[in-house]
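Welcome! Let us walk through this structure together, going from the whole chain to a few single residues and the spaces between them.

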Amino acid sequence: MKMNRILKQLAVFLLLFSHIPLFSHAEDQLEFTLQSTLKFKYHVSDIDFSPDGKTIAVGGFLHQIDELNETIRSDGQIVFIETQSLKTKSTLKVPLSAPSSLSFSPDQKLLAVGREFDDVLIYDFETKIIKQMTKGLDALVKFFPDSQRLIISDADHEVSIWKNRNIIAKKSLDYDLVVLGSCSIAISPDGKMIAIVRTYFNRKPVYEIYVCDSNTLETKATLKTNSKPVNDLRFSPTGDQLITGGADGIKVWDLKSMKEIKSLFVFKNKKMNYISTIKISSTGNLLAASSFEGTTIWNIDTFQLIT
């Protein structure tokens, strides 16, 4: 079970179009061994592991060429793979648009699917039947720890929280400025706070992080990032820190003072420290960060580089 949970943390970094390398992890020492590479005939857009670690959901789409020799995309598809045997258990056609984001509910009853050119679909995981269609074009989707609430960050520059088919909170990030794409979001372990990355142009690019109440989306604090892009963010396992990754390396923020308390760089040349994705292991003691130069593993208690 532990191995499968850690697989998710590493596989997502090594998601390269149609190839997904999977790694095993030795508990007594930090060694990773390539187990297998999953190959697909379509572009892989997102993956998620089921909470019990037994299933990998892989979403993607096929490239097609029309009569004008232009690339078009067909219906999307999600493949469900058994983690032990790596055999396909079932497939699910995603109508009209490619899946852009996948999220299992923690109780494993639901699977939320953001679609590139359409609204969010919520499936019953067992029956694979659509239970709900929710507004959110090209959305990033994440379930809260209670499995009842779903947060959606969409291409219309809105962040909304849904529960039982109803919006319970909504926040617009536009303010008549040119906002760039869907916003990265993180949910605190207790589900009481969320962090949102907002990127926009106001003569020059501006990058901000909002720390918000998860019930009302009221902004509690705004963190400034020195005009450098932030690509991903995570709350620490204790919920008292926020860890961000972007063009300025890895930053650690104290959520009581709302100030940056630590900067982590792998390379002396700071231009090489462009972090695209960060993940925290289910055990809460490892931080993985992907950059142009590869994936690094950090001790999350001491923030010392392990490998």
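A residue is called buried when its relative accessible area is under 20%. By that measure, 50% of the 307 residues of the chain count as buried. Please keep in mind that the model you see is predicted.

Start with the overall build. The chain has 26 strands and one helix. Its exposed surface comes to about 15000 Å², and 50% of that is supplied by carbon and sulfur atoms. If you take the contacts in the chain with a separation of 6 or more, 37% of them are between residues 24 or more positions apart.

Now let us visit some residues, beginning with S105. You will find S105 in the loop between β7 (99-104) and β8 (110-115). Is S105 buried or exposed? Its relative accessible area is 0%, so S105 is buried. The side chain of S105 has polar partners close by in sequence: a polar contact of 2.6 Å joins it to the side chain of D107, and one of its polar atoms lies 3.3 Å from the backbone nitrogen of K109. Beyond the neighbours within four places in sequence, S105 is in contact with P51, L110, F143 and S147. The chain also brings R149 into this region: S105 and R149 are 44 residues apart in sequence, with 9.0 Å from C-alpha to C-alpha.

Two of those names come back when we turn to open spaces. The second largest pocket has a volume of about 320 Å³. It is lined by 15 residues, and those closest to its centre are L110, Q132, S147, Q148 and N164; L110 and S147 are among the contacts of S105. Which strands give at least two residues each to this lining? They include β10 (130-134), β12 (149-153) and β13 (158-163). In character the lining is mixed, with six charged, five nonpolar and four polar residues.

Next, look at S184, which sits in the loop between β15 (178-179) and β16 (185-187). Because its relative accessibility is 19%, S184 counts as buried. A polar atom of the S184 side chain lies 3.0 Å from the backbone oxygen of N231. Setting aside residues up to four places away in sequence, S184 touches N231 along with L140, A195, I196, V197 and L233.

From N231 it is a single step along the chain to D232, whose place is in strand β20 (residues 230-235). D232 has a relative accessibility of 10%, and therefore counts as buried. Its side chain makes a polar contact of 2.9 Å with the side chain of R234. Leaving out neighbours within four places in sequence, D232 is in contact with I243, T244, G245, S276, T277 and I278.

T244 leads us to the last stop, the enclosed spaces. Rolling a probe the size of a water molecule over the atoms shows where empty space is left. How many cavities of 30 Å³ or more are there? The count comes to two. The largest cavity has a volume of about 90 Å³. Among its 15 lining residues, T225, V230, T244, D248 and K251 lie nearest the centre. Strands β21 (241-246) and β22 (249-254) each supply at least two residues of this lining. Here the residues divide into six polar, five charged and four nonpolar.

Notes
Residues numbered from 1 in each chain as written. Predicted model: local features only at pLDDT ≥ 70, side-chain atom pairs only at ≥ 80, totals over all residues. Heavy atoms only, no water. 1 Å grid on protein atoms, 1.4 Å probe; cavity = no way out; pocket = protein on both sides within 12 Å on 5 of 7 lines; lining within 4 Å. Points joined across faces, edges and corners; volume = space filled by probe spheres on them. Helix = DSSP H or I, 4+ residues; strand = E, 2+ residues; numbered from the N terminus. Nonpolar A, V, L, I, M, F, W, Y, C, P; charged D, E, K, R; others polar. Buried < 20%, exposed > 50% of the residue type's maximum accessible area, 1.4 Å probe, protein only. Contact = heavy atoms within 4.5 Å. Areas by Shrake-Rupley, 256 points an atom, 1.4 Å probe, with all protein chains shown as cover. Polar contact = N/O pair within 3.5 Å; in protein donor to acceptor, adjacent residues only side chain to side chain.
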